[in-house]
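Trainee: I would like to learn how to read a protein model. Please take me through it one feature at a time.

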Amino acid sequence: MLLNENFLLESKWVKELFHQFAKKEPIIDYHCHLEPRTILENKRYKNLTQVWLNDHGVGDHYKWRLMRANGVSEALISGDGDDYEKFVAFVQTIEKAPGNPIYEWSHLELRRYFDIDLTITKENVEAIWQQANQKLQMDAYRPQELLKMMRVKAICTTDDPIDDLSAHEALAKEQNTFKVLPTFRPDAVWGITDRYFSEYIKKLAACTQQKIESFTELTQALTKRVAYFHEKGGRLADQGLNTYFYQLATESELNAILTKALQGQRAFSTKEIAQFTTAVQCHLMKCYYQYGWTMQMHLNALRNDSVTMKREIGINAGGDSMGDQANLVSNIVALFSDVQEQGFLPKTILYSLNPSDWLPLATAMQSFQGEVVQKLQLGCAWWFNDTYEGMRNQLTIMAQQSLLANFTGMLTDSRSFLSYPRHEYFRRVLCQLLGEWVEQGRLPEDELYLENIVKAICYKNARDYFGFFKSE
């Protein structure tokens, strides 16, 4: 039967590890794109489309990409088309998606949130629509309650350095069973080729109440914003480095680059871009180290591939793909070596959208360990790798090159409140892999030993590594 209680679980040991241990652990989602304001307002969703596919232009891009591949009109994907027609178009798409993780995730979402065990087919469209919409009218299906339903204990959103974090501040005052914490995402700071860069720096200057006309003044402003985020509960940063080239620069060179960017110039050499990005990275890594933060580095992605899509729909709409920077790891190693030599390499999680980078990254990170448990980690199977095979591959590389029992586990990287069954999917894959190793004689048939590893990866490592719940 589709997605029965033991799907992906193939042996006695695997089933026991999942049902007795992994299944019961709470969730820490330390990287997602949920809007804190939406959580705070806690409004009721009108129908399944709004919570599942598209809520006024905000939705699950994984699903959008499949619908485009099925020839669905953009009005029924990211546009203002009829909600029921959007749902029907999605169902017609899912019917053609065997083997795609969205097929399994979507069925899991219906089962875990709505207790609907119907197969997603055109024959069941009306029944699924009606059953889900009836439940969505209940208070138990508002955003905050959906999080509680999945036993989520902490969410780390993705926030720009200039965000005022007022929604986070208000949420911190509420008596919830979960925390909503900001994550410092400074990508715009090194975006000197962006036409809005000078306007962005003006906003950064305004929120820090200082002028920014030199690189030193820029770093002073960034230091203030890291301190502000820390005050509001932030403990992580997230660097969206689609490509990265290590290149040192003098202060005069950095001042010249910044002056050109503030004047609205966008023609920069590859060297200038690398110099500016490296200098910003080095300064921020020092800040993160001083505050005890964890830095996440998301690497090797191509963003907004289609000029037409970017112009007509916008960014963050599912128009991205895997990058192919061949010498990425050597540049990251040069950066880490420099920062470590200066004494301020922070805890770091390394993700690459290109799995060919995983083994080089996993071996490189071992050269920079020390001070704390698993100072550097190979991040979970990210984005397009968030599949059965991708998860197994990442877990295997982490195990073979470092210490799997220290791994901080899964995250959603999602904009959807219905995405948390993906943690269950990951936990099933984890238990299946560990169970296979038991069956092969590579791990002992020791329930307590295996229980501790499973619970650590599912929840405890993230809790301890990030320090969200120091009182536990």
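Mentor: We will go through the domains, the contacts between them, the salt bridges and a few single residues. Keep in mind that this is a predicted model.

Trainee: Into which domains does the assignment divide the chain?

Mentor: A domain assignment gives a residue range for each part. Here the ranges are 46-140 for domain 1 and 143-466 for domain 2. The C-alpha centres of these two domains are 29 Å apart.

Trainee: How many residues of domain 1 are in contact with domain 2?

Mentor: Count the residues on each side separately. On the domain 1 side there are 21, and they are in contact with 27 residues of domain 2. The area buried between the two domains is about 2,300 Å², with 59% of it on carbon and sulfur atoms. Of the area that domain 1 buries against domain 2, Tyr62, Trp105 and Tyr113 supply 31%, more than any other three residues.

Trainee: What polar links are counted between domain 1 and domain 2?

Mentor: Polar contacts and salt bridges are separate counts. Between domain 1 and domain 2 there are 9 residue pairs in polar contact, both residues being at pLDDT 80 or more. The elements that give two or more residues to the domain 1 side are helix H3 (48-52), helix H4 (61-69) and helix H6 (101-114). The largest share, 8 residues, comes from H6. By type, the residues on the side of domain 1 that touches domain 2 are 10 nonpolar, 3 polar and 8 charged. The salt bridges between the two domains number 2.

Trainee: How many salt bridges does the structure hold?

Mentor: For a salt bridge, look at the side chains and check the distance from N to O. The structure holds 24 salt bridges. In one of them, Arg422 meets Asp60 at 2.9 Å. Asp60 also forms a salt bridge with Lys63, where the closest N and O atoms are 2.9 Å apart.

Trainee: Are Asp60 and Lys63 buried or exposed?

Mentor: Compare the relative accessibility with the cut-off: under 20% is buried and over 50% is exposed. Asp60 has 3%, so Asp60 counts as buried. Lys63 has 1%, so Lys63 counts as buried too.

Trainee: What about the pair Glu371 and Lys375?

Mentor: Judge each partner by its own value. The side chains of Glu371 and Lys375 meet in a salt bridge at 3.1 Å, N to O. Glu371 counts as exposed because its relative accessibility is 64%, whereas Lys375 is buried because its relative accessible area is 5%.

Trainee: Which helices hold Arg392 and Glu436?

Mentor: Look at where each partner sits along the chain. Arg392 and Glu436 form a salt bridge of 2.9 Å, N to O. The pair links distant parts of the chain, with Arg392 in helix H17 and Glu436 in helix H18, 44 residues apart. Partners can also be shared between salt bridges, and in this way Asp60, Lys63, Glu109 and Arg422 are joined into one network.

Trainee: Which residues does Ser419 touch, leaving out those up to four places away in sequence?

Mentor: Begin with its place, then list the contacts. Ser419 is in the loop between H17 and H18. Ser419 is buried because its relative accessibility is 1%. A polar atom of the Ser419 side chain lies 2.9 Å from the backbone oxygen of Ser416. Outside the stretch up to four places away, Ser419 touches Glu109, Tyr113, Thr412 and Ser414.

Trainee: Where is Asp413, and what is its phi?

Mentor: Phi is a backbone angle, and its sign is what to read here. Asp413 lies in the loop between helix H17 (388-401) and helix H18 (421-439). Its phi is near 55°, a positive value in a residue other than glycine. Asp413 is buried because its relative accessible area is 11%.

Trainee: Where is Leu165?

Mentor: Read it by the steps used before. Leu165 is in the loop between strand E4 (152-156) and helix H9 (166-173). Phi of Leu165 is near 60°, also a positive value in a residue other than glycine. With 3% relative accessibility, Leu165 counts as buried.

Trainee: How is Thr38 classed by accessibility?

Mentor: Thr38, in helix H2 (residues 36-41), counts as partly exposed because its relative accessibility is 27%. Thr38 and Arg142 are 104 residues apart along the chain, and their C-alpha atoms are separated by 10.0 Å. Leaving aside neighbours within four places in sequence, Thr38 is in contact with Lys43, Tyr45, Pro143 and Phe417.

Terms used: Residues are numbered from 1 along each chain as its sequence is written. This is a predicted model: local features need pLDDT of at least 70, side-chain atom pairs count only at pLDDT 80 or more; totals for chains, interfaces and linings use all residues. Side-chain values use heavy atoms; hydrogens and water are left out. Helices (H or I, at least four residues) and strands (E, at least two) are DSSP runs, numbered from the N terminus. Buried means under 20% relative accessible area, exposed over 50%, partly exposed in between (1.4 Å probe, protein chains only). Domain bounds come from an automatic or database domain assignment. Contact means heavy atoms within 4.5 Å. Buried area is the accessible area (1.4 Å probe) that two parts lose on being put together, summed over both. A salt bridge is a side-chain nitrogen of Lys or Arg within 4 Å of a carboxyl oxygen of Asp or Glu. A polar contact is a pair of N or O atoms within 3.5 Å; within protein, one must be able to donate a hydrogen and the other to accept it, and residues adjacent in sequence count only if both atoms are side-chain atoms. Ala, Val, Leu, Ile, Met, Phe, Trp, Tyr, Cys and Pro count as nonpolar, Asp, Glu, Lys and Arg as charged, and the others, Gly among them, as polar.
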